[in-house]
Amino acid sequence: MSGILPIIAVIVTVIAGWALLKRYQTHMTLLFAGLVILVCVALLGDANFLPKGAKTSGFWLFDIFVTLKTIATKQSSGIGFLIMTAGGFAAYMDRIGAARALVDIAVKPLAKLRAPYLVLAAGYIVGQVLVMVIPSAAGLAMLLLVALFPILKAVGTSPAAAAAVIGTSAGMTFTPTAGTANLAAKVAGLDPIIYLVQYQLPLAIPTLVVCCVAHYFVQRYYDRKNDDTYAEAAAVKAAETPEVPKWYALFPVLPIALLIIFSKLVVSSIKLDTIGALFMVWVLVVIIEIIRLRDVKKIFKDAQAMWQSMGKMFAGIVALIICAELFATGLQASGLIDLLIKSAQGIGAGMGFMTVVLTGIVSAVTFLTGSGVGAYSSFAAGLGGSVEALVTPMQFASGMLRAMSPVAGVIIAVAGAAGVTPMAIVRRTWIPMILGLVTTLVVNQILFG
């Protein structure tokens, strides 16, 4: 393989980074970066860059698009389809009011506390627990802006402090129904539930404690400093969801409960996968809605939210993963990733060093793009059979750095609700998130290094 290919890959990556910084469309930037690298690989090196299982067309140019087709097909029926299903299920839970019922129950005890920053720190924990059943950062933030934001303001914290905590509520997505968690589990060759229990939670718990304590002191410091400039806040109204019984709060939790029960942890003789669990609970809830409301026409219309949101998830997140994986395929075919690993081994650096380097790269891309999924999938997809200790910090970094990016959708949304600029939120989130990321890397090295 030509020694110039890794250099070309670095140059293309730098140009792609510049384009992302200039707000060029993320999907197309990654797509064309991958195409350019693969063309160079075909012309200057080994044209055998096809994914495993793909058959050559006999012409290298056509093979590039065979690669794109193979990646798109794999994602549409694999991790990408899971992301679409989880997104559709979350949209349906929101449509029928079940997600709102869960959030209301979760935040209600906080209203009884009177210590402002203790309530704020507890609110962060509640948000991180809720992300296990509402894995969408933006979706969870909008629910918390309706249910938690007024409580935090009522006890005396500033709108900016409340928004900062809500904006970081999905910093660690440790749930078997999340796309990044499933991708990590797949790369590690583990069942998503086993990956959650054995690798995610041991890192998530100490990281959660550190971020919680950091939020307490950081938000209190900036509130006492009192130098935020407030404009007219964007009104955040509750979505038009129906009033439902409180036991509807069980529905968003039910898929995870079923996945835990029917896994190696409890009932090992029966295996239930994530997509099957989501579809099964969706159909079950539709039946319950029919029994309770007896308006089949309306209930079927509400159920359609599942399919509609699945389409939106494909256009947004799954398409981004496809483009990111093509870019990752180019990086791998160029030899750049192998060169990084061999260079690290050559200077005596082990897996801990590579974890820090790749986590740093994912963090930088996430900060520039505001998309944790795109950044993480770009590099995780190209790791092959790498170990669990490498993918978990990368996955957590993709969420934490999103909470520090002023161009991330969730940060823009909470800033608008508070009536401040995204940068005013980011200055309140970067310390807790950086401390959390450092904690993740340190504990990861101690436990799995």
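This passage describes the overall fold, the salt bridges, a surface patch and selected residues of a predicted model.

The protein contains 21 helices and 0 strands. Of its 449 residues, 54% are buried. Among contacts with a separation of 6 or more, 79% join residues 24 or more positions apart. The accessible surface amounts to about 19300 Å². Carbon and sulfur atoms account for 69% of that surface.

Two pairs illustrate how positions far apart along the chain meet in space. G3 lies in the segment before α1. Its C-alpha atom is separated by 9.0 Å from that of S334, although the two residues are 331 residues apart along the chain. G3 counts as exposed because its relative accessibility is 63%, above the 50% cut-off. The second pair is G416 and A163, which are 253 residues apart in sequence. Their C-alpha atoms are 9.1 Å apart. G416 belongs to helix α20, residues 409-418. With a relative accessible area of 26%, G416 is partly exposed.

A search of the whole structure finds 10 salt bridges. A network of these bridges links D223, K225, D227, D228, R427 and R428. Within this group, K225 pairs with D227, and the closest N and O atoms are 3.9 Å apart. This distance satisfies the criterion because a salt bridge requires the nitrogen and oxygen to be within 4 Å. Both partners are partly exposed: K225 has a relative accessible area of 43%, and D227 has 36%.

R427 forms a salt bridge with D228, with closest N and O atoms 3.0 Å apart. This pair links distant parts of the chain, with the two positions 199 residues apart in numbering. R427 sits in helix α21 (residues 422-448), whereas D228 sits in the loop between α11 (192-225) and α12 (250-261). R427 is partly exposed at 21% relative accessibility. D228 is buried at 15%. The two fall into separate classes because the cut-off for burial is 20%.

A further salt bridge joins the side chains of K298 and D302, at 2.8 Å from N to O. Both residues lie in helix α14, residues 296-303. They are 4 residues apart, about one turn of the helix. K298 is partly exposed, with a relative accessible area of 41%. D302, at 8%, is buried.

A nonpolar patch on the surface is formed by I4, I7, I11, I15, L43 and L44. Together these residues have about 570 Å² of accessible area. Helices α1 (5-21) and α2 (26-44) each supply at least two residues of the patch. The largest share, 3 residues, comes from α1. I4 is found in the segment before α1. I4 is partly exposed, with a relative accessible area of 42%. I4 therefore passes the accessibility threshold for patch membership, which is over 30%.

S169 provides an example of a polar residue in a buried setting. S169 is located in the loop between α9 (159-167) and α10 (179-188). At 1% relative accessibility, S169 counts as buried. The side chain of S169 reaches the backbone oxygen of I166 at 2.7 Å. Leaving aside residues up to four places away in sequence, S169 touches G127, Q128, V131, L140 and L144.

Methods. Residues are numbered from 1 along each chain as its sequence is written. This is a predicted model: local features need pLDDT of at least 70, side-chain atom pairs count only at pLDDT 80 or more; totals for chains, interfaces and linings use all residues. Side-chain values use heavy atoms; hydrogens and water are left out. Patches are made of residues with over 30% relative accessible area and no salt bridge: like charges are joined within 9 Å, nonpolar side chains (Val, Leu, Ile, Met, Phe, Trp, Tyr) within 5 Å. Accessible areas come from the Shrake-Rupley method with a 1.4 Å probe; for residues, only the protein chains shown count as cover. Buried means under 20% relative accessible area, exposed over 50%, partly exposed in between (1.4 Å probe, protein chains only). Contact means heavy atoms within 4.5 Å. A polar contact is a pair of N or O atoms within 3.5 Å; within protein, one must be able to donate a hydrogen and the other to accept it, and residues adjacent in sequence count only if both atoms are side-chain atoms.
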